[in-house]
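Reader: Could you walk me through how the labels for this protein were reached? I like to see each value set beside its cut-off.

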Amino acid sequence: MAESESGADKSEEPTEKRLRESREKGQIARSKELNTLAVTLGGFGGLLAFGGSLGNAMLNIMRGNFALPREVIMDERSMALWLAASGQLALEALFPLFVLLLIAAVIGPIALGGWLFSAEAMAPKASRMNPLAGLKRMFSVQALVELLKALAKFTLVLLVGIVVLSAWQDDLLAIAHEPLESAIMHAAIVVGWSALWMSCGLILIAAVDVPFQLWSNKQKLMMTKQEVRDEYKDSEGKPEVKQRIRQLQREMAERRMMQAVPEADVVITNPTHFAVALKYDPAKGSAPVLLAKGGDFTALKIREIANEHRVMVLESPALARAVFYSTELDQEIPAGLYLAVAQVLAYVYQLRQYQAGKGKRPGPLPDLPIPPDLRRDE
């Protein structure tokens, strides 16, 4: 199990934030052996694929340069032009191979870790020039692994080379007795296949190195429990700060709610545990809206503000509980409570008419129809 600099065990998987930051810094799994394998296979595979055209180009260049006319040999300017023409022929023959090598050089790195361009990883760092840090890297586990890989590559390629050369021994001896043109083509084939087989020996090294690099990179990104907690606090906020923010939000919402109580048409109470303030605007033609609600101390405060501003306060425990539990602030009451609230508003209207001396005193508030699905008992 990996350990941090403080000695704590890195037992936690890296978080998404840690993985994202590591990619931004260029700290992802890369395998040099996979890159080498891709380039060598691409290069020697291309040598086999384009060996015929390369051999013909070499023959043409050699035939032309070994049979120069006398006037060309005696003219220094012609020699330069002849050299330029030979170079152009060589470049044209090598161009497909160069393109294949370029593609292999790009595919190798992105095959493990994907495409990544990190300006931060390219920025110069003074720590990389520290001799002590360099000595530490030289005698680290990573350096030992790289040394073992180098020895394994050398040994493996040597063994494969011996086997391949033994298999092509007769062809190598036969090349010495062939005409020049066929000898060049034959030699290109032998070299191409021999190099390709020796490159295939690197597959074993890459097959071991890729899982190791993935494991090594994951170990570097592992986190301690404290690091996970600290990251959570940084991203989500400290619990005490979040609690304080929620408290301030509740206080602000409560202040706005209390400011809306004077605009209510009626406040319905439990009578002590709950209080809800409702307003109905006939001009809008919608259902009554809940302006404020609360329990215990908040309910008491709603009743006090209602009394100060002469808002009608009525007791209806069942309706008060039903509205409290079924309706959010600034939302319309549910359709199941329309009839009950309509009766309350009608009663409030009659009571106000009586207080203004324009009607008879209404009787007690009748039992209100509360649907069973909206009825809440304490």
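Author: Happy to; here are a few labels with the reasoning behind them. Please keep in mind that this is a predicted model, with an average pLDDT of 78 and 87% of the residues scoring at least 70.

Reader: Which elements have the lowest and the highest mean pLDDT?

Author: Helix 6 (residues 119–122) has the lowest, 56, and strand 2 (residues 274–279) the highest, 89. Where pLDDT is low, the predicted coordinates should not be read in detail.

Reader: Why is helix 10 called roughly parallel to helix 11?

Author: The axes of helix 10 (residues 180–200) and helix 11 (residues 202–221) cross at roughly 25 degrees. Angles under 35 degrees count as roughly parallel, so helix 10 earns that label relative to helix 11. Their contact is made by M198, S199 and C200 of helix 10 with L202, I203 and L204 of helix 11. By class, that is 5 nonpolar residues, 1 polar and no charged ones.

Reader: What makes F98 partly exposed?

Author: F98, a residue of helix 5 (residues 76–110), has a relative accessible area of 42%. Buried means under 20% and exposed means over 50%, so F98 falls in between and is partly exposed.

Reader: How do you know which strands stand at the edges of the sheet?

Author: The open sheet has 4 strands in the order 3-2-1-4, with mixed pairing. Strand 3 (289–295) and strand 4 (312–315) each have a single partner strand, so one side of each lacks a neighbour in the sheet.

Reader: What makes strand 1 and strand 2 a pair?

Author: Pairing needs at least two bridges, and strand 1 (residues 266–269) and strand 2 have 4, in the antiparallel sense; therefore they count as paired.

Technical notes. Residues are numbered from 1 along each chain as its sequence is written. This is a predicted model: local features need pLDDT of at least 70, side-chain atom pairs count only at pLDDT 80 or more; totals for chains, interfaces and linings use all residues. Side-chain values use heavy atoms; hydrogens and water are left out. pLDDT is the predictor's confidence in each residue, from 0 to 100. Helices (H or I, at least four residues) and strands (E, at least two) are DSSP runs, numbered from the N terminus. Axes are lines fitted to C-alpha atoms, for helices over the stretch in contact, and angles run from 0 to 180 degrees between N-to-C directions. Angles under 35 degrees count as roughly parallel, over 145 as roughly antiparallel, 65 to 115 as roughly perpendicular and the rest as oblique. Contact means heavy atoms within 4.5 Å. Ala, Val, Leu, Ile, Met, Phe, Trp, Tyr, Cys and Pro count as nonpolar, Asp, Glu, Lys and Arg as charged, and the others, Gly among them, as polar. Buried means under 20% relative accessible area, exposed over 50%, partly exposed in between (1.4 Å probe, protein chains only).
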